[in-house]
Number of protein chains: 2
Amino acid sequence: MPDSRVVITYCVRCRWLLRAQWYAGELLQTFESEVGEVALRPAAKDLEAGVFRVQVQASDDDAPVTVWNRKRDGGFPDIAELKRRVRDLVAPEMSLGHADRAAEA
Amino acid sequence: MPDSRVVITYCVRCRWLLRAQWYAGELLQTFESEVGEVALRPAAKDLEAGVFRVQVQASDDDAPVTVWNRKRDGGFPDIAELKRRVRDLVAPEMSLGHADRAAEA
């Protein structure tokens, strides 16, 4: 079982659970053999209002890499772009088919 | 942020991703302040065919406790029962309202 891990941290007060669940489902569908787990992490109400962050830990020995941060990148990721960023860390040789062609266009 | 963690391991070949996502959403909605994260873990195709397992790790120092295992418990958990089992480990004093009354009936 791969030991890479994706963590999606989302603002509870902003009601972004369903959005976070959707991204998790898309990543799990695309990387079902390449990712060990996708974790959904509710941001405590006061601490991180407005947070929407996706981090990838390629293996237990690697530090988490933030591939999306709403406050840094603005808004929410296009799913194809998010998949490319995750793929580049967990399975660099993996083709994403149309998601790759869209990026090259 | 609480450091308890719930892990839902599901059989990929059985197409139980959506079902696992649904349980994760229900647990995150009920325990948004009591659980640190809910992780979805795709079971590698060959290794664990037919697996549907929910484990709770109350803190980093605790061993994971299996609160549901399809092969042991048969089928899939009633959501209110699953919430009671998770609550008993992560927030024993927390009331689940109607979910508790249903259990007492």
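**Figure 1. Close-up of B:S59, a buried residue with a relative accessible area of 16%.** Buried here means under 20% relative accessible area, exposed over 50%, and partly exposed in between, with a 1.4 Å probe and protein chains only. B:S59 belongs to the loop that links β3 (52-57) to β4 (65-69) in chain B. Strands (E, at least two residues) and helices (H or I, at least four residues) are DSSP runs, numbered from the N terminus. Between the C-alpha atoms of B:S59 and B:A91, which stand 32 residues apart along the chain, the separation is 12 Å. The model is predicted, so local features need pLDDT of at least 70 and side-chain atom pairs count only at pLDDT 80 or more, while totals for chains, interfaces and linings use all residues. Residues are numbered from 1 along each chain as its sequence is written, chains are lettered from A and ligands numbered from 1 in the order in which they are written, and side-chain values use heavy atoms, with hydrogens and water left out.

**Figure 2. Close-up of B:L27 in helix α1 of chain B.** B:L27 counts as buried because its relative accessibility is 2%. Apart from neighbours within four places in sequence, the contacts of B:L27 are B:V6, B:I8, B:V38, B:L82, B:K83 and B:V86; contact means heavy atoms within 4.5 Å. The C-alpha atom of B:L27 is separated by 8.7 Å from that of B:I79, 52 residues apart along the chain.

**Figure 3. Close-up of the largest pocket, with a volume of about 330 Å³.** Of its 15 lining residues, A:Q29, A:E32, B:R15, B:L17 and B:L18 are the closest to the centre. A pocket is an open set of points on a 1 Å grid over the protein atoms alone, where a 1.4 Å probe fits, with protein on both sides within 12 Å along at least five of seven lines; lining residues have an atom within 4 Å of a point. Grid points are joined across faces, edges and corners, and the volume is the space filled by probe spheres set on them. Helix α1 (17-30) of chain A and α1 (17-30) of chain B each supply at least two lining residues, and α1(A) gives the most, with six.

**Figure 4. Close-up of the second largest pocket, which holds about 280 Å³ of space.** Its lining has 14 residues, and A:R15, A:L17, A:L18, B:Q29 and B:E32 lie nearest the centre. Two or more residues come from α1 of chain A and likewise from α1 of chain B. The largest share, five residues, is that of α1(B).
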